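The following exercises introduce a protein structure step by step. Please study the sequence and the model before reading each solution.

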Amino acid sequence: MMSKSIISNQLIFLGIVLCSLLIISSCKKNNRDSCNSNIPTIRPGENAGVKLQEAMLDVLDGNSICLGEGVFHIENNLTMDDKTGVTITGSDNGETVLSFAGQTDGGDGILITNSEAIVVKDLTIRDTKGDGIKFMDSDGIVMKRIRVDWSGGPSSENGGYGIYPVLSSNILIDSSYVAGASDAGIYVGQSDRAVIRYSTAEQNVAGIQVENTTNADVYENTVQNNAAGIMVFDLPMLTREGNRIRVFDNLVENNNGENFAPSGIVSALPSGTGILTMSTDNVEIFN
């Protein structure tokens, strides 16, 4: 027969385990449900693009914009400026698609400027004339489970960049996918403190490009079937000189595709380039 102290200890341990499970379950639920209950979910349908743009203009700092699953047909580029702590999220099953195939105004898909602590996640952005999702002059950026693609496959008519933060800081690109960009699939430029991880870039001209950026880590990505894999370089006369870049634990293979860039420095990259670094200080490439 077990002593009362042993039984008591076991009950305490069981209670701790049950409480831990409840806490974990609650955390998971909260992580999935990032929408403020006061903000209704926007769903596909007539004027859905207009409603989404209005929400991006009117959302209060610290709140969320929630999109339901399905295809949103967007006619104009979507913009957001001077916001703090806003989350834009699609459905967690990956079925929220912003289609810009019928875009009549603007070039980019989503453009976010002068903002701080912004999260964009669980969205597919398709067939933009210009860049898929672009951040400028912002700090504290998270792009997670973002997919950017062009339904016609690789083409010089596609937008230049899929995921494109520039002139920004504290950037995380996580578990995302880009295919078909006519310049670089995933790009970080003239920025400080950036992480690109667990993502896939394929069938772009350049898979991942880090340009004039300081303190960046690029790791555990799959970069394949582009014309060139991973590019780390500086261009002259820009706002920042690159320094302290680490590229490690990536799978870079079969980057022998056609270079279909219409212009720019990447149009000179020879097909078959795996990893290229140029004019940037303190670059580490390993594993």
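**Exercise 1.** Determine what share of the residues in the protein is buried, and describe its surface and contacts.

*Solution.* Buried residues, meaning those under 20% relative accessible area (exposed is over 50%, partly exposed in between; 1.4 Å probe, protein chains only), account for 48% of the 287 residues. The accessible surface is about 13,500 Å², and carbon and sulfur atoms hold 50% of that surface; such areas come from the Shrake-Rupley method with a 1.4 Å probe, and for residues only the protein chains shown count as cover. Next, consider contacts, defined as heavy atoms within 4.5 Å. Among those between residues at least 6 apart in sequence, 59% join residues at least 24 apart.

The model is predicted: local features need pLDDT of at least 70 and side-chain atom pairs count only at pLDDT 80 or more, whereas totals for chains, interfaces and linings use all residues. Residues are numbered from 1 along each chain as its sequence is written, and side-chain values use heavy atoms, with hydrogens and water left out.

**Exercise 2.** State the strand order of the open sheet and explain why one side of strand 3 and of strand 22 is left without a neighbour.

*Solution.* First, the elements: the protein has 2 helices and 23 strands, taken as DSSP runs (helices H or I, at least four residues; strands E, at least two) and numbered from the N terminus. The open sheet contains 8 strands in the order 3-6-8-10-13-16-19-22, paired in parallel; two strands pair if DSSP finds at least two bridges between them. Strand 3 (76-81) and strand 22 (273-278) are at the edges with a single partner strand each, so one side of each lacks a neighbour in the sheet. Strand 3 is joined to strand 6 (residues 105-113) by 5 bridges, and M80 has I112 in strand 6 as its bridge partner.

**Exercise 3.** Locate helix 2 relative to the sheet, and describe A55.

*Solution.* Helix 2 (residues 48-58) lies across strand 3 and strand 6, at about 15° to strand 3. Such angles run from 0 to 180 degrees between N-to-C directions of axes, which are lines fitted to C-alpha atoms, for helices over the stretch in contact. A55 belongs to helix 2. Leaving out residues up to four places away in sequence, A55 touches I42 and I65.

**Exercise 4.** Is Q209 buried or exposed, and which residue does its side chain meet in a polar contact?

*Solution.* Q209 is in strand 16 (residues 206-211). Q209 is buried, because its relative accessible area is 1%. Its side chain makes a polar contact of 2.9 Å with that of E211; the term denotes a pair of N or O atoms within 3.5 Å, where within protein one must be able to donate a hydrogen and the other to accept it, and residues adjacent in sequence count only if both atoms are side-chain atoms.
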